[in-house]
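Good morning, and thank you for the time. I should like to take you through one structure, element by element, with the model on the screen.

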Amino acid sequence: MNVLLVEDERSIAVTLGDSLSAAGHKVKTVADGAEAIGLLEKEAFDCVVTDVRLPGADGMEVLRKARALPDPPEVVVMTAYATIEHAVEAMRAGAIDYLQKPFVNEAVVEKLARLEKVRAIGRENVRLVSELGKRPAFGEIVGTSPLMRELFQTIARVAPSDAAVLIEGESGTGKERVARAIHKASARGSGAFVPFSCAALPETMIEDELFGHEKGAFTDAHREKRGRFELANGGTMFLDDIDDAPAATQVKLLRVLQEKTFERVGGEKPIKVEVRVVSATKVQLRKRIAEKRFREDLFWRLNVVPITLPPLRARTGDLPLLVEHFLGLYAKDRRYRVRPEDMEAMERYPWPGNVRELENSVQRAVALAGEAECLKREHLLPMSGEWRGAFEIHDEVRPLRAVIEESEREHLKRVLEKTGGHRAQAAKLLGVSRKVLWEKLRNHGLDTDRGRGAGEDEEGAPGEEAEA
Ligand SMILES: Nc1ncnc2c1ncn2[C@@H]1O[C@H](COP(=O)(O)OP(=O)(O)OP(=O)(O)O)[C@@H](O)[C@H]1O
Ligand SMILES: [Mg+2]
């Protein structure tokens, strides 16, 4: 690969440059950030390896400049040991990986060798995502709502790196699906994907499972046992319900993440593993940190790439597609339908169990449908207790929600007219994030990206958007 090495510390620059050249790369070395930026404008590189603290311009600027190029090189950022926050920031700005100083040069050579492989995979992922407009799913994850599209992009972008990913989302939102998709889209895709849930297990059992034990470690340890981390070597470890990890386990996890080393229970021999860690939580870890139940240093290690999965009720636009998807799974040879008014009722239901609950509902409705052509609402939705009232009333009078939605739509239209269709400005005025605004526009059919020219003019929908 054509490598640009940006490092002001001469000893590192020279030895690392030599190692990379010896490994067959064409290396250019500069000691100044501004000089690096100038070079990026003139020459094409496959990869940039840059320090953070530099004279001229800092490494983050080099990173941003590199990633803004039309055919951006992959960027690996080198940071001092103590500043994991830098690494986190770098990953979010588009770096593919980070190196912690001090490092051995062979580790960098290895990283670049793998990077060369994943660069090809990354290109393929990007190609797939650019086709997503046409395809309503990413691997096994179904969805076309803006929130889901953004998720697909994130998966495609971060999958090839070795960076730790933390997935946050309510029960049944698809966290494990996403973890598997990340694994599959990475260079480790053919390696093992090893899931493990930390929920409701005592510390000793968790550690026995994760790290294994030596023969004779405790009374029943008749033979040595390999832990999940060993099984995941070369692959991906999925730590589910990480918020539930006991304090002592957190310390051990921190060490595996920092040093890629651990010992089996009752053992002294350090075992080295090369594992990518993806973890998931149903509660916000920041809350757990505030309650002093989760280590902040571990949080930073796990949360290099954060992914938040939206609850189903925040993306009801995906409902018809998901229903169709599950009908395909559970009613292969019959073509069942869901009445439009029932689909509307489903859009009003808050789905506390998210996609899993929806999947169960469709499966149940299919099982109970018999000869009927349409699935029954009482099979699709919980028709007992508190919910029955909500749905029945809705069928008789205009519910408050519809009234609120309508006035919200009118208001959005007005603000967009006032800002000349400038969404960023509109979002600011409305006091919501652009993401929220975008979602709302789509839900209200005011999204001109999709419906441009489709009868929107007569409705007075916002004109051509300022941002495409
Ligand atoms: N976007 C999606 N497209 C298709 N199926 C999905 C999607 N999201 C979730 N599912 C399905 O919903 C079920 C729950 O998904 P998954 O196990 O990944 O959720 P989870 O967030 O890990 O849940 P929990 O927090 O309860 O462990 C699975 O059967 C999965 O196949
Ligand atoms: Mg799960």
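Which residues in helix 2 meet which residues in helix 3? Before I answer, please keep in mind that this is a predicted model.

On the side of helix 2, the residues are G33, A36, I37 and L40, and they meet G59, E61, V62, K65 and A66 of helix 3. Helix 2 covers residues 33-42 and helix 3 covers residues 59-67; their axes are 9 Å apart, and the packing angle is about 10 degrees. An angle under 35 degrees counts as roughly parallel, and helix 2 and helix 3 are therefore roughly parallel to each other.

Let me now set this pair in the context of the chain. The chain has 468 residues, of which 34% count as buried. It contains 21 helices and 16 strands. If we take the contacts between residues at least 6 apart in sequence, 68% of them join residues at least 24 apart.

I turn next to a sheet. Five strands form an open sheet in the order 2-1-3-4-5, and the pairing is parallel. Which strands stand at the edges? They are strand 2, residues 26-30, and strand 5, residues 97-101. Each has a single partner strand, so one side of each is left without a neighbour in the sheet. On average, neighbouring strands here are turned by 20 degrees against each other, direction ignored. The pairing of strand 1, residues 2-6, with strand 2 consists of five bridges, and the two run parallel. As an example, L4 has K28 of strand 2 as its bridge partner.

Strand 3, residues 47-51, holds a residue worth a pause, namely V48. Is V48 buried or exposed? A residue counts as buried if 20 or more other C-beta atoms lie within 10 Å of its own. V48 has 28 other C-beta atoms within 10 Å, and is therefore buried. Apart from neighbours within four places in sequence, its contacts are L4, V6, V62, A66, P73 and V75. Two of these names should be familiar: V62 and A66 are among the helix 3 residues that helix 2 meets. From V48 to A66 the separation is 18 residues in sequence, and 7.9 Å in space from C-alpha to C-alpha.

We move further along the chain, to strand 15, residues 276-281. How many of its six residues are buried? Six of the six are, so strand 15 is largely enclosed by the rest of the structure. Both of its faces are covered, with R276, V278 and A280 on one side and V277, S279 and T281 on the other.

Strand 15 pairs with strand 8, residues 165-169, through four bridges, and these two strands run parallel. Within that pairing, L166 stands opposite S279. Strand 12 is also joined to strand 15 by four bridges, again in parallel, and here F238 stands opposite V278.

From strand 12, residues 236-240, we can step to strand 9, which is parallel to it and joined to it by five bridges. F238 appears once more, as the bridge partner of P195. Strand 9, residues 193-197, has V194 and F196 on a covered face, while F193, P195 and S197 lie on an uncovered one.

On strand 8 there is a further pairing, with strand 16: five bridges, running parallel. One of the bridge pairs is G169 with L309. In a regular strand, side chains alternate between the two faces of the sheet. Strand 16, residues 305-309, shows such an alternation: V305, I307 and L309 point to one face and are buried, whereas P306 and T308 point to the other and are not.

Finally, the nonpolar core. In soluble globular proteins, nonpolar side chains tend to be buried together. The largest nonpolar core in this model has 80 residues, and V77, I155, V165 and I182 have the most contacts inside it. Helix 6, residues 146-158, supplies the largest share, seven residues. Where does this core lie? Domain 1 (2-119) and domain 2 (145-309) both give residues to it, so the core lies between them. V165, for its part, touches V158, I182, V278, V305 and I307, leaving out residues up to four places away in sequence. There is also a second, separate core of 18 residues, which includes L319, V355, A365 and L381.

That concludes my presentation, and I thank you for your attention.

Key:
Residues are numbered from 1 along each chain as its sequence is written. Chains are lettered from A and ligands numbered from 1 in the order in which they are written. This is a predicted model: local features need pLDDT of at least 70, side-chain atom pairs count only at pLDDT 80 or more; totals for chains, interfaces and linings use all residues. A nonpolar core is a set of buried Ala, Val, Leu, Ile, Met, Phe, Trp, Tyr and Cys residues joined through C-beta atoms within 7 Å. A residue is buried if 20 or more other C-beta atoms lie within 10 Å of its own, exposed if 12 or fewer, and partly exposed in between; C-beta atoms are placed from the backbone. Domain bounds come from an automatic or database domain assignment. Two residues are in contact if their C-beta atoms, placed from the backbone, lie within 7 Å. Two strands pair if DSSP finds at least two bridges between them. Axes are lines fitted to C-alpha atoms, for helices over the stretch in contact, and angles run from 0 to 180 degrees between N-to-C directions. Angles under 35 degrees count as roughly parallel, over 145 as roughly antiparallel, 65 to 115 as roughly perpendicular and the rest as oblique.
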